[in-house]
Amino acid sequence: MTDTTTGPTGVPTTSARPGVLPGDPGPDEAAVERLVATALDEDLGAAPGRDVTSQATIAPTTTGTADLVARADGVVAGLVVVPVVLRQVAQRLGLSPATVVVRVPDGTRVTRGDVLAELAGPVQLLLVAERTLLNIASRASGVATHTRRWADALAGTGALVLDTRKTTPGLRALEKYAVRCGGGTNKRMGLYDVAMVKDNHVAAAGSVTAAIEAVRTRFPDVAIQVEADTRAQALEAVAAGADFLLLDNMPTPVLADVVAAVRAVAPTTQLEATGNLTLGRAAEVASTGVDYLSVGGLTHSSPILDLALDLRAV
C-alpha cells in the first residue's frame, strides 16, 4: 500500500490502491487495517490464529488462482480490502504473499457472473482469507448498490443522496466510501468535523441562536448544521448564521414552503431533507429545491451484494 497524506477530517487525500473508485482517496488506510485485523481475530482467533481445516488439508507450498465473482447484479465496492486481507493473513501464518489483479474499479455496475478480481498465491492463504474478504467486500458492495438506486432516482433533479452517522461500528470509513462508490456523498465523518445542532442541543442551550453562538465561540473553524422541524426554526437558524439546514420530517408542501422562505433570505445556505424518505418520494422531495436527501438506510439497512471466491482447479 502506498503512503498517503491526510486531510483535516482524517481522510487520505491521495491513493494508488487497487480497487479504489477513480478520483476518490478511498477509505482511511488505518481504519481498513484495523477492520481487517479485527475481522481476522474473529475468524482465526487471537493473532496469529489458525484455520484448522485449511492448514491440515493443504500444504503451504501449494499454489493456485481464485476468481472473485459477483453472484448478483449490483455495484461493486470495497475491493481495496482484498490485498489488505491477503497480506495480513500471509504475515500471521508465515505464508508467501499473494497477488491481486482487480478487473473492475469500485463504483462499477456489475452483473451476475462478472469476475471482479483474480487472486493468485498459496491456496492455503486464499482459503484462509476467503470469508473475511468476502464479508467486507459484500457489505461495501451492498451499500454501494443501495446508494446507486437512490442516485438513479435523483438523476437530473440537482439533488444528491447523502449518508448519515448511522453506520456499523468499526465500518464507518468503509461504508461511507461505499456510499461514494454508489453515487452518493458524505457531509461529515463524525462528531468532530461538522457541528450538528439538534433538538436536544437547542433544549440544553436555550434556543437555536444560543446553540449556534456557543459552537461559533468554542469551535470557530467548523461548519454548523441545524436540524429544523418548522419554518420558524429554519429562519432563526439562517439568521444566526447556520451553514446548512437539516429539514426534518416535513410533508412535501411544507418542505417546499420552507425551502422557498430560506432561499429568499439565505440563497447560499445548503438544505438537506431527511425523515420518512422513500425511493418513490425521492424525485418529489428533490423538486422542492433541496440540495440533499439524507438517508440513514444507506448504511444501516442495505443488504449485502452476494460475492463468491471460486478456486480454479489446482
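## Asp163 and its partner

At 4% relative accessibility, Asp163 counts as buried (under 20% relative accessible area for a 1.4 Å probe on protein chains only, with exposed meaning over 50% and partly exposed the range between). Lys176, with a relative accessible area of 1%, is buried as well. The two residues form a salt bridge (a side-chain nitrogen of Lys or Arg within 4 Å of a carboxyl oxygen of Asp or Glu), and their closest N and O atoms are 2.9 Å apart. Because Lys176 lies in helix 5 and Asp163 in the loop between strand 6 (160-162) and helix 5, the pair ties together parts that are 13 residues apart in sequence. Helices (H or I, at least four residues) and strands (E, at least two) are DSSP runs numbered from the N terminus.

This is a predicted model, in which local features need pLDDT of at least 70 and side-chain atom pairs count only at pLDDT 80 or more, while totals for chains, interfaces and linings use all residues. Residues are numbered from 1 along each chain as its sequence is written, and side-chain values use heavy atoms, with hydrogens and water left out.

## Other salt bridges

The count for the structure comes to 17 salt bridges. One of them joins Arg17 and Glu29, whose closest N and O atoms are 3.5 Å apart. Arg17 lies in the segment before helix 1 and Glu29 in helix 1, so this pair ties together parts that are twelve residues apart in sequence. Both Arg17 and Glu29 are buried.

A further salt bridge brings together the side chains of Asp257 and Arg231, at 3.0 Å from N to O. This pair links distant parts of the chain, with Asp257 in helix 9 (residues 252-265) and Arg231 in helix 8 (residues 231-239), 26 residues apart. Asp257 is partly exposed, with a relative accessible area of 37%, and Arg231, at 41%, is also partly exposed. Elsewhere, Asp67, Arg103, Glu118 and Arg312 are joined into one network by salt bridges that share partners.

## Helix 4

Helix 4, covering residues 123-154, has 32 residues and reaches 44 Å from its first C-alpha to its last, which is close to the expected 46 Å (1.5 Å times one less than the number of residues). Of these 32 residues, 24 are buried, so helix 4 is largely enclosed by the rest of the structure. Helix 4 bends by about 45° at Glu130 (the angle between axes fitted to the seven residues ending there and the seven starting there). Gly156, whose phi is positive and near 85°, follows helix 4.

## Second largest pocket

A pocket is an open set of points, on a 1 Å grid over the protein atoms alone, where a 1.4 Å probe fits and protein lies on both sides within 12 Å along at least five of seven lines; lining residues have an atom within 4 Å of a point. The second largest pocket is lined by 23 residues, of which Thr164, Lys166, Leu246, Thr274 and Ser294 lie nearest its centre. Strand 8 (223-228), strand 9 (244-248), strand 10 (270-274) and helix 11 (297-300) each contribute at least two residues to this lining.

By class, the lining of the second largest pocket has four nonpolar residues (Ala, Val, Leu, Ile, Met, Phe, Trp, Tyr, Cys and Pro), ten charged (Asp, Glu, Lys and Arg) and nine polar (the others, Gly among them).
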